[in-house]
Amino acid sequence: MARRTPRPARPQAPKDCPCGLPAPYAECCGRYHAGQAAPTAEALMRSRFSAFAVQDEPYLLRTWHPDHRPAAVDFDPGMRWTRLEILDTKDGSAFHTAGEVAFRAHYTEGGGEGSLHERSRFVRYEGAWVYLDAVFTE
Ligand SMILES: [Zn+2]
């Protein structure tokens, strides 16, 4: 009997959500990009990372607190956001009006790899979670 050939590793389907949760994009951050409200600060953080990955500028702008919102998002064409690690969360649940999420966001740029470490602050604005600012970034 012939030995079974091992199945090749499943290729990364493009529909997988960039935020790293094991779910198709459309059922994960794609829902929020399509207009559904993110229920927690972490969900908003993940969806904003995914929005950077898929370059959804309107979503990034409307989930940015108006006091800090830039006029436009400059996507660096040579940079690709590849992976998100949530390191810590504080408050930011359905029962809070503010929250913090510490994360490391990985990217590739010009053949090299890098990462951004940040603790972001989120608040509810007109009922919906928005990104306020970064407490620290390195
Ligand atoms: Zn996602």
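Two strands count as paired if DSSP finds at least two bridges between them, and β2 and β3 pass that test with twelve bridges in the antiparallel sense. Welcome to a predicted model in which four strands form an open antiparallel sheet and the helix α2 packs on that sheet. Confidence averages a pLDDT of 91 over the protein, with 90% of the residues scoring at least 70.

**The sheet**

- The strand order is β1-β2-β3-β4, and the pairing is antiparallel.
- β1 and β4 stand at the edges with a single partner strand each, so one side of each has no neighbour in the sheet.
- From one strand to the next, the twist averages 30°.
- Eleven bridges link β1 and β2, which pair in the antiparallel sense; here arginine 83 stands opposite histidine 106 of β2.
- Between β2 and β3, glycine 99 has phenylalanine 122 in β3 as its bridge partner.
- β3 and β4 run antiparallel and are joined by eight bridges, and valine 123 finds its bridge partner in valine 130 of β4.

**The turns**

- The hairpin of β2 and β3 has two residues between the strands, and glycine 110 takes a positive phi near 55° there.
- Two residues also lie between β3 and β4 in their hairpin, where glutamate 126 in the turn has a positive phi of about 50°.
- Another positive phi, of about 55°, belongs to glutamine 55, just after α2.

**Helix α2 and the core**

- With 14 residues, α2 reaches 20 Å from its first C-alpha to its last, close to the 20 Å expected at 1.5 Å a residue.
- α2 is mostly covered, as 13 of its 14 residues are buried.
- This helix touches β1, β2, β3 (112-125) and β4, and its direction makes about 170° with that of β1.
- In soluble globular proteins, nonpolar side chains tend to be buried together.
- The largest nonpolar core here holds 25 residues, of which Leu44, Phe49 and Phe122 touch the most other members.
- Two or more residues of this core come from each of α1 (29-33), α2 (41-54), α3 (57-62), β1 (79-91), β2 (98-109) and β4 (128-137).
- The largest share, eight residues, is given by α2.
- Leaving aside residues up to four places away in sequence, leucine 44 touches Ala38, Thr63, Phe122, Trp129 and Tyr131.

**Around cysteine 28**

- Cysteine 28 sits in the segment before α1.
- Is cysteine 28 buried or exposed? Cysteine 28 counts as buried because 22 C-beta neighbours lie inside 10 Å, and the cut-off for burial is 20 or more.
- Its contacts, not counting residues up to four places away in sequence, are Cys17, Cys19, Leu21 and Ala23.
- Serine 47 is 19 residues from cysteine 28 along the chain, and their C-alpha atoms are separated by 8.1 Å.

**Where to read with care**

- Among the elements of the protein, α3 has the highest mean pLDDT (98) and β4 the lowest (92).
- Over residues 10-14 the pLDDT is below 50, and this stretch has zero contacts in the model beyond near neighbours in sequence.
- Where pLDDT is low, the predicted coordinates should not be read in detail.

How values were computed
Residues numbered from 1 in each chain as written. Predicted model: local features only at pLDDT ≥ 70, side-chain atom pairs only at ≥ 80, totals over all residues. Core = buried A, V, L, I, M, F, W, Y, C linked by C-beta atoms within 7 Å. Buried ≥ 20, exposed ≤ 12 C-beta atoms within 10 Å, placed from the backbone. Contact = placed C-beta atoms within 7 Å. Expected span 1.5 Å × (residues − 1). pLDDT = per-residue confidence, 0-100. Axes fitted to C-alpha atoms, helices over the stretch in contact; angles between N-to-C directions.
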